[in-house]
There are 2 protein chains.
Amino acid sequence: MKIAIDAMGGDYGPPVVVPAALSVLAEDPDVEILLVGQEEPIGRELSRCQAASHPRLQVCHAPEVVAMDEAPSQALRNKRHSSMRVGIDLVKSGTAQAVVSAGNTGALMAIGKVVLRTIPGIARPAIATTIPTRRGKTLMLDLGANVDCDAAHLFQFAIMGEVMSRLVLHVERPSIGLLNIGEEEIKGNEVVKGAGQLLRNSSLNYYGNVEGSDIYRGTTDVVVCDGFVGNVALKVSEGLAQMISAELKEAYAASWYGRLAALLSLPVLRRFRDRLDHRRYNGATLIGLNGIVIKSHGNADAFAFAQAIRVAASEVKHQLIANIAEEVQTLLSEQQESTA
Amino acid sequence: MKIAIDAMGGDYGPPVVVPAALSVLAEDPDVEILLVGQEEPIGRELSRCQAASHPRLQVCHAPEVVAMDEAPSQALRNKRHSSMRVGIDLVKSGTAQAVVSAGNTGALMAIGKVVLRTIPGIARPAIATTIPTRRGKTLMLDLGANVDCDAAHLFQFAIMGEVMSRLVLHVERPSIGLLNIGEEEIKGNEVVKGAGQLLRNSSLNYYGNVEGSDIYRGTTDVVVCDGFVGNVALKVSEGLAQMISAELKEAYAASWYGRLAALLSLPVLRRFRDRLDHRRYNGATLIGLNGIVIKSHGNADAFAFAQAIRVAASEVKHQLIANIAEEVQTLLSEQQESTA
């Protein structure tokens, strides 16, 4: 398989992207990589890594770069020769089977929608990612692509999440939870209630409503929500994890005794950190586009970026797009039969 | 001041409520307490604590109890002699200046709305609480009372949050953030955009949009959101904190070396835990009701419940209701002038 990589995206560009690409090439002989971007800085980095003539690595020149703070509409109109656009074009033409970028999320989604369109039956793409939980991993979507969703959108997210959990995370019959709130009288808004109805009437393994606290408990394999709520949930988690980590450091640093205890605790704290290391969960899927597009965190290092490439490779290997397309057709015709 | 306490609410009832009440009475000579509920179990607990004849403590008999899982409409119609209802009635009649309950949130809000009504100018009450942040404390609302809000509701939440932060948390000119998502193209839904407009045109110290990660960073003194998003944010935090704490324990318990390191780290880990102890933040205000109603966590212990009573006492002392009523009138007339 060929994976196109936007070598210019993110906070670091080639110095992170090139070593990440090389490490995936070294571990997976099925992968070929197209590095898309400005030849000069990419070439410099390849030389530095002594990989200027890797047999499964090509450079595809693209002179322009989409800025991290550029308006997506702007990027879409004016940056037809950007590394991001050329990478997506390579997927559209079939030259590559997936594209990975650490660039501007809004631009990536906007260009993806225009160039690749959506999978038939899917109205809107979503952003999906796996997160660590007490019981393993949970797939969550949407994490910010859609601020206003209706019940049918959430139902489509559930279908895509089910396929992705089954194929990529190897869960046999993934359970699906609808993110909601717990108060009795006010159980969710109309959209969530409508989506619950659609899910209950489908052949999906619908668990029911889950609350915010269920996400990290791993209550269900898939958690579905609109992009506003999902984005807040993800960023609240980021903020809280940062605070806890900072407070823990300060507590250890507050006395000589604490500093000694920290020193002795180092192996334990490392083990703890590794388990929850967000870099191990890098690589969100822009799911619903008619082509595999993976978004890496903008400030990913080479370890994290390689993880995003692995997500792309796994989705290609398991033919995610074709499987989603098939499942969408099955479930939508099932729906029509039940209402007929 | 007199504070009514629903002695039957929550997971434990009198065995938690009575010791909590006694500890607040001991530390604050201005507080008198009315324990509302079934005389028999309350009396038993008072005897056990050797406080049957405390000069600032009275028992007010109420035979019925609202169950934790009872439908609010049910509780409202059928439980006119419940400890919760009688406690709220005591505030309505002016006998008490505040009521504290660890009971069913939905029922507390429903009864509060019917008996006390809302402050003039406030369409809907919200649930507000303080949360620990890197820079101290932030006041957040709504945490679950309203799943569908319009821009005017969010604006009213901002007004109430501002007054509460100023009076109860002693922040001089509280900054107000509107919880939103970060993507450029899709900055929030229409409701949030509309609320931003109202806030920008007001004399409040409006900071602008904040993201989920800003909450724990303490970017603003007040964070405003609808009850769906707020509830998810709060419960996601609960779930993540539980997971981190469990993972940390497991990392320490995984080897004899880890267990030794844990033993040596105990004083440090205690200090860390105390700083973020959720019991210290117990006591959410049902803000916007025309009377002070404080909700304690259902599984609060005596330490946590006492904290909820202190929140009530502080709001009475600072005349929260009168001050909100005044500020609402000022800001609404300001709004009318600017549109006139």
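Which residue in β2(B) stands opposite I3(B)? I looked it up and found I33(B). The model I am reading is a predicted one.

**Entry 1: the sheet in chain B**

I started from that pair and worked outwards. Strand β1 of chain B covers residues 2-6, and strand β2 of chain B covers residues 32-37. I find the two paired in the parallel sense, over five bridges. Strands in a sheet pair through backbone hydrogen bonds, parallel or antiparallel.

I then traced the whole sheet. Eleven strands of chain B form it, and it is open. I noted the order as β3-β2-β1-β4-β11-β10-β5-β6-β9-β7-β8. The pairing is mixed. At the edges I find β3 (57-61) and β8 (206-210) of chain B. Each has a single partner strand, so one side of each has no neighbour in the sheet. I also checked the twist: neighbouring strands of this sheet are turned by 25 degrees against each other on average, direction ignored.

Next I looked at what lies across β7 (176-179) and β8 of chain B. Helix α7 of chain B, residues 190-200, does. I read its direction as about 165 degrees to β7(B).

**Entry 2: salt bridges within helices**

Side chains of opposite charge can pair when their charged atoms come close. I count 28 salt bridges over all chains. I went through three that sit inside helices.

In chain A, I took R85(A) and D89(A), whose side chains meet at 3.4 Å, N to O. They are four residues apart in helix α4 (residues 83-92) of chain A, so about one helical turn separates them. Is R85(A) buried or exposed? It counts as buried, at 9% relative accessibility. D89(A) is partly exposed at 30%.

In chain B, I took E162(B) and R166(B), which form a salt bridge at 3.2 Å, N to O. Both lie in helix α6 (residues 151-168) of chain B, four residues apart, about one turn of the helix. E162(B) counts as buried at 8% relative accessibility. R166(B) counts as partly exposed at 27%.

My third pair was R217(B) with D214(B), where the closest N and O atoms are 3.8 Å apart. Both residues lie in helix α8 (residues 212-217) of chain B. Here the spacing is three residues, about one turn of the helix. R217(B) is partly exposed, with a relative accessible area of 35%. D214(B) is buried, at 16%.

**Entry 3: how the two chains meet**

Two copies of a chain are related by a rotation about an axis and a shift along it. I laid chain A on chain B and got an RMSD of 0.0 Å, with a turn of 180 degrees and a shift of 0.0 Å along the axis. That is the relation of a two-fold axis.

Why do the copies meet through the same surface? I find that 100% of the interface residues of chain A are also interface residues in chain B, so the surface is shared.

The contact takes 63 residues from chain A and 63 residues from chain B. I put the area buried between the chains at about 5,700 Å², with carbon and sulfur atoms giving 69%. R134(A), F228(A) and M243(A) supply 11% of the area that chain A buries against chain B, more than any other three residues.

I count six salt bridges between chain A and chain B. I looked up E250(A) with R134(B), whose closest N and O atoms are 2.8 Å apart. R134(A) is linked with E247(B) and E250(B) in a network of salt bridges.

**Entry 4: backbone oddities**

Most residues other than glycine have a negative phi, and most peptide bonds are trans. I looked for exceptions.

The bond joining L141(A) and D142(A) is a cis peptide bond, with omega about 5 degrees. D142(A) sits in the loop between β6 (136-141) and α6 (151-168) of chain A. In chain B, the peptide bond from L141(B) to D142(B) is cis, with omega near 0 degrees. I find D142(B) in the loop between β6 (136-141) and α6 of chain B.

For positive phi, I noted Q50(A), which is not a glycine, at about 55 degrees. Q50(A) is in the loop between α2 (39-48) and β3 (57-61) of chain A. Q50(A) counts as exposed at 76% relative accessibility. I also noted R117(A), not a glycine, with a positive phi of about 65 degrees. R117(A) is in the loop between α5 (105-116) and β5 (126-133) of chain A. At 55% relative accessibility, R117(A) counts as exposed.

Key
Residues are numbered from 1 along each chain as its sequence is written. Chains are lettered from A and ligands numbered from 1 in the order in which they are written. This is a predicted model: local features need pLDDT of at least 70, side-chain atom pairs count only at pLDDT 80 or more; totals for chains, interfaces and linings use all residues. Side-chain values use heavy atoms; hydrogens and water are left out. Two strands pair if DSSP finds at least two bridges between them. Axes are lines fitted to C-alpha atoms, for helices over the stretch in contact, and angles run from 0 to 180 degrees between N-to-C directions. Contact means heavy atoms within 4.5 Å. A salt bridge is a side-chain nitrogen of Lys or Arg within 4 Å of a carboxyl oxygen of Asp or Glu. Buried means under 20% relative accessible area, exposed over 50%, partly exposed in between (1.4 Å probe, protein chains only). Copies are superposed by least squares on the C-alpha atoms of residues with pLDDT of at least 70 in both. Buried area is the accessible area (1.4 Å probe) that two parts lose on being put together, summed over both.
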